[in-house]
Amino acid sequence: MLASFGLSLLLATLAVCDPKGHRWHHPLPTDREADVLHPPFDDGQLTISLGRSPCPAINALANHGYLPRHGLNISLEQFITGVREGYNFDAIFTTDAVNIYQPFTTTGNNNTLNLNDLDHHALLGEFDGSLSRNDLYFGDNHSFNETIWNTVAAHFHDDTISIPVAARARLDRVNAAKAINPNFTAIDEASLGTTAMYLKAMRGQDNATKTKYVQIFFRQERIPFNEGYKRSNVSIGNEDIGQIASELAAASNSSRTN
């Protein structure tokens with residue numbers, strides 16, 4: 001009986017662990033830190049992380065090794081594979097997103113990107129009124145800003161995040177940025193799309209997007225496998241994100257009139 005209990009406990013533990021070969025670790029900025037980290041990654045990738053983006057979703061993929069952990073010189077094929085394996089977004093979605101940034105590559109190879117190439121302002125992944133980053137006008141548009149994220153997360157009072165709540169959180173953040181940034185550039189498509197993407201990605205196989213998953217996703221840039229998250233078993237594409245973005249826009253318009 002004890003052996004049976006032990007086996008059940010082991011299986012339950014394994015069920016909520018990071019997938020094999022994709023253990024999460026925060027970026028390693030120095031050789032010294034890498035040298036003292038024990039044990040090494042189970043995929044053997046104890047790699048210095050020289051590049052991250054202003055996008056939590058992309059950073060989480062690199063932190064789990066779905067994208068190269070160093071964040072440098074990443075090909076379209078690597079992006080497609082990493083985004084599919086991490087979140088099950090389809091190749092067309094990923095190709096469209098990567099192509100936006102390809103003209104701004106700093107790798108010296110027009111067919112690859114460094115993750116920090118996504119810092120380029122006023123595009124899909126970096127824009128004024130970000131949910132978790134400051135505007136370029138204030139200097140650092142790259143790093144997670146806890147103060148800003150806290151103003152967004154303050155809207156999340158329930159265990160799950162609905163479309164109206166996510167819409168209000170996004171709209172309030174945009175309005176707050178507009179109020180203090182004299183150079184504010186509105187890119188509603190990117191802003192709505194970002195909220196739609198986190199709602200869909202973090203919903204996974206659940207019927208609704210869990211608040212605790214979203215908090216971990218943004219704060220730690222970690223996919224919350226340990227908390228029970230499972231990626232969607234249905235491929236996600238542009239139409240899916242567009243539908244949610246439309247629902248968010250409608251909810252935003254409704255909240256403006258209330």
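## A nonpolar patch, an aromatic cluster and some loop residues

In this predicted model, Y137, F138 and I180 make a nonpolar surface patch of about 310 Å². A patch here joins nonpolar side chains (Val, Leu, Ile, Met, Phe, Trp, Tyr) within 5 Å, or like charges within 9 Å, from residues with over 30% relative accessible area and no salt bridge, a salt bridge being a side-chain nitrogen of Lys or Arg within 4 Å of a carboxyl oxygen of Asp or Glu. Accessible areas come from the Shrake-Rupley method with a 1.4 Å probe, and for residues only the protein chains shown count as cover. Y137 is found in the loop between β2 (112-113) and α6 (146-153), where helices (H or I, at least four residues) and strands (E, at least two) are DSSP runs numbered from the N terminus. With a relative accessibility of 44%, Y137 counts as partly exposed, a class that lies between buried (under 20% relative accessible area) and exposed (over 50%).

Residues are numbered from 1 along each chain as its sequence is written. Local features need pLDDT of at least 70, side-chain atom pairs count only at pLDDT 80 or more, totals for chains, interfaces and linings use all residues, and side-chain values use heavy atoms, with hydrogens and water left out.

Rings of Phe, Tyr and Trp (its six-membered ring) pair if their centres lie within 6.5 Å, and planes under 30 degrees apart count as stacked, over 60 as edge-to-face and the rest as tilted. By this rule the count comes to 10 aromatic pairs, two of which are set out below.

| Pair | Type | Centre to centre | Between the planes |
|---|---|---|---|
| W149 and F218 | stacked | 4.2 Å | 15 degrees |
| F217 and F218 | edge-to-face | 5.7 Å | 90 degrees |

Because W149 lies in helix α6 and F218 in helix α9, their pair ties together parts that are 69 residues apart in sequence. Both W149 and F218 are buried, and F217 is buried as well. These three residues belong to one aromatic cluster, which also includes Y87, F89, F93, F156 and Y198.

Two residues other than glycine have a positive phi: N73, with a value near 55 degrees, and E221, with one of about 50 degrees. N73 sits in the loop between α3 (56-63) and β1 (74-75) and is partly exposed at 41% relative accessible area, whereas E221, in the loop between α9 (211-220) and α10 (238-257), is buried at 11%.

Technical notes: Buried means under 20% relative accessible area, exposed over 50%, partly exposed in between (1.4 Å probe, protein chains only).
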